[in-house]
Amino acid sequence: MEQNAQEELKAHLIQTDEHFRELVEQHREYNRLVDELEQKAALSTQEEVEEHRLKKLKLHLRDEIERIMGQHHLEHVS
């Protein structure tokens, strides 16, 4: 799927699918929190653990978002 079509599909799903919208919003929140941690000059051990946890959660959400987009694409192409 080309980039523009992916962005259009994502925008459509955000507008029409509450679960998808929640996943995207949670992914953005995790991204914001990771960015905050990465702005620090040095992280405590606890902050490093939290950063790692957030990155794993973010990756899981990205995979789920991509799975839903792929499934939706296949349903409308078939």
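Colleague: Why is His 72 called buried?

Modeller: In this predicted model, local features are taken at pLDDT of at least 70 and side-chain atom pairs at pLDDT 80 or more, whereas totals for chains, interfaces and linings use all residues. Residues are numbered from 1 along each chain as its sequence is written, and side-chain values use heavy atoms, with hydrogens and water left out. His 72 has a relative accessibility of 19%, and buried means under 20%, exposed over 50% and partly exposed in between, with a 1.4 Å probe and protein chains only, so His 72 counts as buried. His 72 lies in helix α3, and its C-alpha atom is 31 Å from that of Glu 51, 21 residues away along the chain.

Colleague: What makes Leu 54 buried, and what is Glu 50 called?

Modeller: Leu 54, found in α3, has a relative accessible area of 2%, and is therefore buried. Its C-alpha atom is separated by 11 Å from that of Gln 26, although the two residues are 28 apart along the chain. Glu 50 is also found in α3, but its relative accessibility is 29%, so Glu 50 counts as partly exposed. The C-alpha atoms of Glu 50 and Gln 3, 47 residues apart along the chain, are separated by 32 Å.

Colleague: What makes the pair of Glu 50 and Arg 53 a polar contact?

Modeller: Their side chains come to 2.9 Å, and a polar contact is a pair of N or O atoms within 3.5 Å, one able to donate a hydrogen and the other to accept it.

Colleague: How do you know that the span of α1 agrees with what is expected of a helix?

Modeller: A helix here is a DSSP run (H or I) of at least four residues, and its expected span is 1.5 Å times one less than its number of residues. The 14 residues of α1 should therefore span 20 Å, and its end C-alpha atoms are 20 Å apart, which agrees. The buried residues of α1 are Leu 9, Leu 13 and Ile 14; seen down the axis, they fall within an arc of 135 degrees, so they line one face of the helix. The face turned away from that buried side carries the exposed residues Glu 8, Gln 15 and Thr 16.

Colleague: What puts the buried residues of α2 on one side?

Modeller: Phe 20, Leu 23, Val 24, Tyr 30, Val 34 and Leu 37 are the buried residues of α2, and they cover an arc of only 140 degrees around the axis, which puts them on the same side. Exposed Glu 18, Arg 28 and Gln 39 sit on the face of α2 turned away from its buried side. With 22 residues, α2 (residues 18-39) reaches 32 Å from its first C-alpha to its last, close to the 32 Å expected. At the start of α2, a side-chain oxygen of Asp 17 reaches to within 3.0 Å of the backbone nitrogen of His 19.

Colleague: What makes a space count as a pocket, and which residues lie nearest the centre of the largest pocket?

Modeller: On a 1 Å grid, a pocket is an open set of points for a 1.4 Å probe, with protein on both sides within 12 Å along at least five of seven lines, and lining residues have an atom within 4 Å of a point. The largest pocket holds about 240 Å³ of space. Of its 13 lining residues, Lys 10, Arg 62, Ile 65, Glu 66 and Met 69 lie nearest its centre. The elements giving two or more residues to this lining are α1 (3-16), α2 and α3 (45-77), and α3 provides the largest share, five residues.

Methods
Arc of directions from axis to C-beta. Points joined across faces, edges and corners; volume = space filled by probe spheres on them.
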